[in-house]
Each structure stands twice: as structure tokens, then as C-alpha cells.
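Got your viewer open? Let's take a short walk through this structure, one selection at a time.

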Amino acid sequence: MYRALLGFTLVAAATLLLGQAARVVHDWDIGYLNVNRDGYTTRRAIGVNGQLPFPPVYATKGDVLVINVHNSLDVPTSIHAHGLFQKGTSYMDGAGLITQCGIPPGDNFTYEINADQAGTFWIHGHYNHQNVDGLRTPLVIYDTEPAVLDYDEDMLISLEEWYVNEFKVRMEEVLNPLVPFPPPPSFPYGLINGINGNETTPITFVPGKKYRLRVINMSSTEWFKFSLPGHQLQIIEADGIDSVPHSVDGLDLGPGQRYSAVVTARDTDLYNYQYNATLYANFVPFIPGMNPRYYQGLIEYKAGAPVKTFAQTDDRLFVWSDDIILKALDREPVLSVDRTFEWTISSKKYSNNITLAILDDIPFQPPLVPPLFSAFTMGDLALNSTVYGPQTRAHVLRLGEVVEIIVHNPTILDHAMHLHGHAFQVIEYGPSGIPADPEAPPIPVRTFSEWPMRRDTFVVPAFYYAKVRFCADNPGVWMFHCHMDVHFAMGLAVLFVEAPDVLQREQAIPQALIDMCQRQGIVTSGNGAGNLGFNLTGLPPVPN
């Protein structure tokens, strides 16, 4: 398991005592390498400095995280700090062709990210879904204040799925008009802290000590369940937001989600124990040994001690993490709604025989000019959603407006939905559509209790709706998209253009970002087509 870096922690603590923020600097050379991560297949992947996995990133709240990126790929790249709001620095969000042009091959760019939130996050590629092929690592930002529960040690557990084929090969199958849709399902393997889940190193526990486990699902499609039989987990954080402590048997994480849980070690070292990590997807066939895939690792109290075994129990009887039950520690009241968007997830086969995904009427596709650049350069017209182009599905928000989103999912596929620049209040879940199994028990309506939990990635299960809210207090251009990368690539996304009038007054795009676009022949001003006014000539036609 990754453990807190003692040297880093001491340096950060000394810096805080001096009242100064540290500049935490990393040099990343993003490039290809051939790796065997699952124990079966060697294939091309994307790593950093010739490594995969590459080390997690650690900082302390108040630091400035500096990542100097060199692109050794043969295509553009960008990185996104998932869960960081980038308040006042929307141009550092890293969403390729949305808030920046990609870093071209052979080029360099420096991200300066204000670590003004504490919690468990991750950094991943956000250009052409390069995260799926390995460009992803945990990001932990330590708080300067004590946690709601005391603990002795901090541990990081990253969970990933790993596919035999590169993402572009899988998408070619999905978008091939000459073969039936959908293609046969893929069955990925599970990785724990970047290596084959069957070969992971033990977690070392000392009797009586308390451990904060930061568990991250960095997968691109599938879910993980994580549990430690013989131990209770007290959830204290979800997606970088502190929660009132809540006791569970295990954590259930969709793609992009994170939890912190405090675990108290047993009071004796007579036995070792095992932890369980189950990689699964409800929307692909159940095949023993393929879906789900079960992984176990050792919780070691004493080398050579016997492993305590437990009778097999149906995990449907376990108490799993559930964000509608969690309560935000800061007791933020439920927001009063000013504006509601109600969307239904669907897909459609178009005239070219290609099936695409839809959240808001038509599939998402980036315009020719990154929308953040249009928001900065279109003056008063930036307040009109038309200028961003029809396939951005852009919605312009006023500063301070409280937005409610209701996402219906009357399909057999679960979806993990992520919003850049914000965390949602999780308000309600309920039934949507007609389940495929007529004998399935009815889906209840479930609402928050007292103080709604906030998080940046929520799951809409099959045949459910989800209701969430956020306040538009962060001027910028923010993506709202499915964090299952195949669905995102098929068009399951929209944009929120937040207070562009305030954005123009208070922020400015760094010249280095403008120069990087111009070196690639990408226009950096005007509407989505790079023209004046509402002339969108040059944009690709909307599919029909």
C-alpha cells in the first residue's frame, strides 16, 4: 500500500509553521511504454518518466502544485486534477479542447494548480481518454486541520481496471458502422496500487492503531467493492468532502469516486486477515472468473501468523457506502433551487449507422475553438449559449444561481456522472423507466437526511433517476459528463458556461496556452467556429 511520505509531510509541516505555502514541483515526461500490468498481456500504454504506475502526488492544503509536462507522445495530451475546483484558475482545469488545446507532441506546458482543498483526488489524462491507457495517478492533499476522527497513519489504496486492448481499438469497435452495436463486452482485469490485484503487497497493521484508508476507483468503466472482513470502516470523506463519521462493512465505488474511511486495527496479532477488492459491472454478463473478478490481499499483523477466515456471506447483506445516507460534516443547508435541468440518458443510431450517446437532445462534440476561449473573447455575446456551437450543449449560468440537475437513466447501464469545478449536493434517488426484470422489487424514492452530502461524481444506477444541486459560484467553463470513458467518447456530456461576464473581468488566459493553440493552427478567439457573432460556418454538421 502507498503510505504517507514522511519526508514530504515533515517538509510541509515545517513550511506551514513558517506561514508559507510550498511549491510542490513535479517534472512529468508523458510517453509510451510497453507493460504487462495484468499478468497476461504486454501492450502499449501511457506512463510518466518511463514508469507505470507512476508515483502518487502529495501536497498540503495551501500549497501550489506545479507539474511541468513534456509530451513525448505522437498525439496531443493534457491532464486534469479530478475533484479540484480550480477557483480563479479555470484555464488550469486541463479538459482537452474545452479549457485548453492539447499539449502538442514534443512540446511543454506547466500546470500551476492551487491546492486550496483538502482530501482525496486523482490526476488523469483528459485528452482522447488517455487515462484509460495508464495516464492516471492518485492525488492526496493533506488538511492543515485535524480530521473528524483521530488516526495514526494514512494509507492510499488505488483501484483500477485494465483492458487488453488500447482505448482507441475499443472505440473503433464501438463506432464501426459495419458491425452490430453494441460489440461483445470486454472483461478487464483489476489492479491494486497499479499492479496485478493478485500480486499486491500486504497492508501492515499494528494492533490497536487507527488507519485512514483513502480508496480511489481510477477505473474508466467498472465498479469496485472494497472490504476488510473482521474490521469496520468509518467513512469520513467522499470525493474530497468531509462527512459525519458513518460505519459500513465496505465501500462501493463507481468510476472516479473516492472515500476515506478510518479503520481500527484488532487488539491482537494472533491472526492476519484478508481484504477483498471486487471488480464488477452490473451491465455485462455474469461469467464466473470474468465478471465479477475477485481479488484478495493480506492485512498483516505479524509475519507468518495464520489468516483468519470467515464464512462466506452474501455481500448483498453488507452495509455498503451510500451517499444519500452520508451527511456533510460542515452541515451546509440544502440549497434552494433557481433553475432545473432534467435530462434523460439515451442512445441513438444515426443515418451513418453509428450509435452515439445522448444526455441533452444530441451527442456532445467539442467545437473548433475551446469554449473557455470563446467565453473570454465573445464579449456580451458570451452570455448567449448559441455562440458555443450546438453540439457543446452549452448552458450559460448566472453567478450565484443554484442549479438542480435531474438525470433519468431508464437503461440497463449504470452511469457515473462527474462535474468539473464543483461538488453536488446529493438530494434524491428514485425509479425511472421500466426495469427489464418485471419481478424486480420496486425502486424506492430515497432523499437526503438533514445535511446533504456533497461529491463531484455520483452514480445513476440502471432504471433510477438522481437529483443533485450546486451553486454557480465558480466562473469558468465546466464539463458535466459520464466518467465511463466509452460513454463520454460517444457523446454523453454537456457544458456549463458559468458567469462569463465575471470571468472576463476577473481572469485571463495565460499567453502560454494561447501560444500552444496557435502552434497547432487552432483559433483562440471568436465563437465555436472561430467566427464573429452567430456565424457558425465551419462546424461539423449535427448528426441526423
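Which element gives the most to the lining of the second largest pocket? Select β20, residues 273-280: with 6 residues, β20 is the top contributor there. Keep in mind as you click around that this is a predicted model.

Stay with that pocket for a moment. Its volume comes to about 1000 Å³, and 34 residues line it. To find the middle, pick Asn276, Thr278, Tyr294, Thr313 and Asp315, which lie nearest the centre of the second largest pocket. Now add β15 (223-227) and β21 (293-300) to your selection; along with β20, these are the elements that give two or more residues to this lining. Try colouring the lining by class and you'll get 16 nonpolar, 13 polar and 5 charged residues.

Next stop: the largest pocket. Select Asp252, Asn282, Arg446, Pro461 and Tyr464, the lining residues nearest its centre. In total, 33 residues line the largest pocket, and its volume is about 1200 Å³. Colour this lining by class too: it divides into 20 nonpolar, 3 polar and 10 charged residues.

For the last stop, jump to helix α2, residues 167-174. Show the side chains of Phe167, Arg170, Met171 and Val174, which are buried. Now turn the view until you look straight down the axis of α2: the buried residues fall within an arc of 100°, so they line one face of the helix. What do the buried residues of α2 pack against? Select 485-489 and you have the partner, helix α4.

Terms used
Residues are numbered from 1 along each chain as its sequence is written. This is a predicted model: local features need pLDDT of at least 70, side-chain atom pairs count only at pLDDT 80 or more; totals for chains, interfaces and linings use all residues. Side-chain values use heavy atoms; hydrogens and water are left out. Buried means under 20% relative accessible area, exposed over 50%, partly exposed in between (1.4 Å probe, protein chains only). Helices (H or I, at least four residues) and strands (E, at least two) are DSSP runs, numbered from the N terminus. The arc is that of the directions from the helix axis to the C-beta atoms. Contact means heavy atoms within 4.5 Å. On a 1 Å grid over the protein atoms alone, a cavity is a set of points where a 1.4 Å probe fits but cannot get out, and a pocket is an open set with protein on both sides within 12 Å along at least five of seven lines; lining residues have an atom within 4 Å of a point. Grid points are joined across faces, edges and corners, and a volume is the space filled by probe spheres set on the points. Ala, Val, Leu, Ile, Met, Phe, Trp, Tyr, Cys and Pro count as nonpolar, Asp, Glu, Lys and Arg as charged, and the others, Gly among them, as polar.
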